[in-house]
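These are my notebook entries on a single model. I record below what I looked up, entry by entry.

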Amino acid sequence: MTNNIRIGIPSKGRLSELATSLLNDAGIKFKRRDRSLFALVNQFPVEIIFLRTDDIPVLCAEGAIDLGITGSDLVEESGVDVDVRMQLGVGHCRLSLCVPEDAKIESGAQLDGLRIATSFPNVTRSFLKKHNATAHLVELSGSVEVMISLGVADAIVDLVETGSTLAANRLRVLTDLGNYETVLIQNKNCANAEVADRIQRRLEGVIIAREYSLLEYNVKRDRLAEAEEITPGFKSPTINALEDQQWCSVRVMVRRKEVINAMEKLELIGASAILETEIANCRL
Ligand code: AMP
């Protein structure tokens, strides 16, 4: 055993790529050789362990790994006691109770006595309990969305992202059981809290950098208040004087998805030389 912090990440799939790119951008670089279960990180006391995404919560709770990247849906379903250190701003989805488009079911209580197919039996059971309903659960590890047409279930509880899988199977959402996203979890007794804190700070820097752009522009001082309303910034904009005292220059962080709108609004109040720069990393 070493004093390295062990981070468990998914061994395959979209979440594996996502976790790898986040850690790499945070300077936690590693190479997975063939199908190896371990990788060492250069110049940082960290080992990466490649695991099944749904095993990560329980292996973190049991101390096999100190930190883990997985879905908060899987943390809730596993029912284990781990610290959720941060949300990683990706993998947003909801867990929904879905019925056929033409079913005459309008509430959770009407599920009493019906069959529900799901990979989330624990979350589903506690939902049913809240609604005083009992249902027969068909517990599966995947392909839940086809179980109604296979005649195995009357309703399903499944993850929904865009809703296109539901539409393709002629299903509709009756209600949501929860909203989830990708998270960083930590064992409650992590021995190396200092390194865990450093990892969290590094990841925060990358996540904020991915979410924001740096916007720079010039604006007349008498329109500055309006400009600040359009781009209030992460904390507050940096304002610098220009040679022409009637004008000033502004540097401010703006959410990437809001940049185009902000540019248009700034132009309308007479701002000029509006430049967007991508942020590679940051500490705020
Ligand atoms: P969509 O068609 O975009 O609504 O996606 C639904 C399908 O993708 C379902 O089969 C889900 O099980 C799966 N899915 C959606 N979001 C996630 C997620 N965050 N984690 C794992 N599986 C997901």
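**Entry 1: L15.** I looked up the accessibility of L15 in this predicted model. Its relative accessibility is 18%, so L15 counts as buried, the cut-off being under 20%. L15 belongs to helix α1, which covers residues 14-25. I then checked a partner distant in sequence: T182 is 167 residues away along the chain, yet the C-alpha atoms of L15 and T182 are separated by 8.3 Å.

**Entry 2: Q186.** I next turned to strand β11, residues 182-186, in which Q186 is found. Is Q186 buried or exposed? With a relative accessible area of 9%, Q186 is buried. I also looked for a partner of this polar side chain, and found that the side chain of Q186 makes a polar contact with the side chain of R85 at 2.5 Å.

**Entry 3: helix α6.** I tested the geometry of helix α6, which comprises 19 residues, 193-211. At 1.5 Å a residue the helix should span 27 Å, the rise being counted for one less than the number of residues. The end C-alpha atoms of α6 are 27 Å apart, which agrees with that expectation.

I then listed the buried residues of α6: V195, A196, I199, Q200, R202, L203, G205, V206, I207, I208 and A209. For reading such a list I note that an α-helix has 3.6 residues a turn, so residues three or four places apart point the same way. I kept in mind that the list for α6 includes the polar residues Q200 and R202.

I took I208, a residue of helix α6, for a separate check. I208 has a relative accessible area of 18% and is therefore buried, since the limit is 20%. Along the chain, I208 and R283 are 75 residues apart, while their C-alpha atoms are separated by 8.7 Å.

**Entry 4: the ligand site.** Where does the ligand sit? I found the ligand in the largest pocket. The elements that contribute two or more residues to the shell around the ligand are β9 (155-160) and α5 (164-168). Of the elements, β9 gives the most, with three residues.

I recorded the residues around the ligand as G91, C93, E145, D158, L159, V160, E161, T162, G163, S164 and T165. I then looked up individual polar distances. A polar side-chain atom of T165 lies 2.5 Å from an oxygen atom of the ligand. A polar backbone atom of G163 is 2.7 Å from a ligand oxygen atom. On the nitrogen side, a ligand nitrogen atom is 3.2 Å from a polar backbone atom of G91. How much of the ligand does the protein cover? On its own the ligand has 490 Å² of accessible area, and the protein covers 68% of it.

**Entry 5: positive phi angles.** I searched for residues other than glycine with a positive phi, and noted S143, whose phi is near 50°. S143 is placed in the loop between β8 (136-139) and β9. Its relative accessible area of 46% makes S143 partly exposed.

I also noted A273, which is not a glycine but has a positive phi of about 50°. The place of A273 is in strand β15, residues 272-278, whereas S143 lies in a loop. I close the notebook with this pair.

Key:
Residues numbered from 1 in each chain as written. Predicted model: local features only at pLDDT ≥ 70, side-chain atom pairs only at ≥ 80, totals over all residues. Heavy atoms only, no water. Helix = DSSP H or I, 4+ residues; strand = E, 2+ residues; numbered from the N terminus. Buried < 20%, exposed > 50% of the residue type's maximum accessible area, 1.4 Å probe, protein only. Near = heavy atom within 4 Å. Polar contact = N/O pair within 3.5 Å; in protein donor to acceptor, adjacent residues only side chain to side chain. Areas by Shrake-Rupley, 256 points an atom, 1.4 Å probe, with all protein chains shown as cover. 1 Å grid on protein atoms, 1.4 Å probe; cavity = no way out; pocket = protein on both sides within 12 Å on 5 of 7 lines; lining within 4 Å. Sits in = over half its atoms within 2 Å of the grid points.
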